[in-house]
Amino acid sequence: MEHKIISRPGFTVIGLKHHGKNENNEIPQMWGEFMPRAGEIKHVVNPHVAYGVCGKMDESTGEFDYVAGFEVDSIADIPEGMVSWEMPERTYAVFTCTLPTLGETFQQIYKTWLPQSGYQHADGPEFELYDENFDSQDQSSEMYIYIPIK
């Protein structure tokens, strides 16, 4: 799989949180709830770059935490019903995909690429990055998956 390895300093995301599985498209629904409220977040670093942060996976239940949000430079004034998530400084393997290939790309990363890469999954959350070129209405629009590695 094509990828690049980058180091990224720590940063903070504020947004809406989902805890559970994604069996009934809860995450896409949450994005639909989040985007109309995105303007409530103060101290946004770049309003054209959104994050889907995923972590704290419970292997026994398959439940995880997911936050749809924006990077901020201050956690002051967190809007009601939203949370902050501190992202540690990490080295990441970065993969490009589209929304229709998101699940398949994650499967390939964890079942094929990571075991054969010589890297290990590092502690900390992974995230999806949706930059200013991303259009959720365009099935070919590209996004990026960041997997923490060591």
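Let me start with Ile 145 and its surroundings in this predicted model: leaving out residues up to four places away in sequence, Ile 145 touches Ala 93, Val 94, Phe 95, Cys 97, Leu 102, Thr 105, Phe 106, Ile 109 and Phe 127. The residue sits in strand E8, and it is buried, with a relative accessible area of 0%. If you look across to Leu 129, which is 16 residues away along the chain, you will find that its C-alpha atom and that of Ile 145 are separated by 6.4 Å.

From there we can widen the view to the core. The largest nonpolar core has 30 residues, and Ile 145 is among those with the most contacts inside it, together with Trp 31, Phe 34 and Tyr 66. Several elements supply at least two residues each to this core, namely strands E2 (11-20), E3 (50-58), E4 (63-72), E6 (90-98) and E8 (142-149), along with helices H1 (26-37) and H2 (102-117). Apart from this core lies another, of 13 residues, which includes Met 87, Val 94, Phe 127 and Leu 129; two of those names, Val 94 and Phe 127, you have already heard in the list of residues that Ile 145 touches.

Now to helix H2, where I would like to spend a moment. Its buried residues are Leu 102, Thr 105, Phe 106, Ile 109, Trp 113 and Leu 114, and the buried residues of H2 pack against E6, strand E7 (126-130) and E8. As general background, an α-helix has 3.6 residues a turn, so residues three or four places apart point the same way. H2 does carry a kink, however, of about 40° and centred on Ile 109, and the helix is followed by Gly 118, whose phi is positive, near 85°.

H2 also matters for the next topic, the largest pocket, since we should ask which element gives the most to its lining. That element is H2, with six residues, while H1, E3, E4, H2 and E7 each supply at least two residues of the lining. The largest pocket holds about 1,200 Å³ of space, and among its 36 lining residues, Ile 27, Tyr 66, Leu 102, Phe 106 and Glu 128 lie nearest the centre. Please note that Tyr 66 has come up before, as one of the residues with the most contacts inside the largest core, and that Leu 102 and Phe 106 are both on the list of buried residues of H2.

A contrasting case is Val 44, which is found in the loop between H1 and E3. Is Val 44 buried or partly exposed? With a relative accessible area of 25%, Val 44 is partly exposed, and, leaving aside neighbours within four places in sequence, it is in contact with Phe 70, Glu 71 and Val 72. Measuring C-alpha to C-alpha, Val 44 and Trp 113 are 33 Å apart in space, and they are 69 residues apart in sequence.

Finally, a word on the cysteines. How many disulfides does the structure hold? The number is zero, and Cys 54 is in no disulfide, the nearest cysteine sulfur being that of Cys 97, 13 Å away. Seen from the other side, the sulfur of Cys 97 has its closest cysteine sulfur in Cys 54, at 13 Å, which is too far for a bond. Both residues are buried, Cys 54 with a relative accessible area of 16% and Cys 97 with one of 3%.

Terms used: Residues are numbered from 1 along each chain as its sequence is written. This is a predicted model: local features need pLDDT of at least 70, side-chain atom pairs count only at pLDDT 80 or more; totals for chains, interfaces and linings use all residues. Side-chain values use heavy atoms; hydrogens and water are left out. A disulfide is a pair of cysteine sulfur atoms within 2.5 Å. Buried means under 20% relative accessible area, exposed over 50%, partly exposed in between (1.4 Å probe, protein chains only). A nonpolar core is a set of buried Ala, Val, Leu, Ile, Met, Phe, Trp, Tyr and Cys residues joined through side-chain atoms within 4.5 Å. Helices (H or I, at least four residues) and strands (E, at least two) are DSSP runs, numbered from the N terminus. The bend at a residue is the angle between axes fitted to the seven residues ending there and the seven starting there. Contact means heavy atoms within 4.5 Å. On a 1 Å grid over the protein atoms alone, a cavity is a set of points where a 1.4 Å probe fits but cannot get out, and a pocket is an open set with protein on both sides within 12 Å along at least five of seven lines; lining residues have an atom within 4 Å of a point. Grid points are joined across faces, edges and corners, and a volume is the space filled by probe spheres set on the points.
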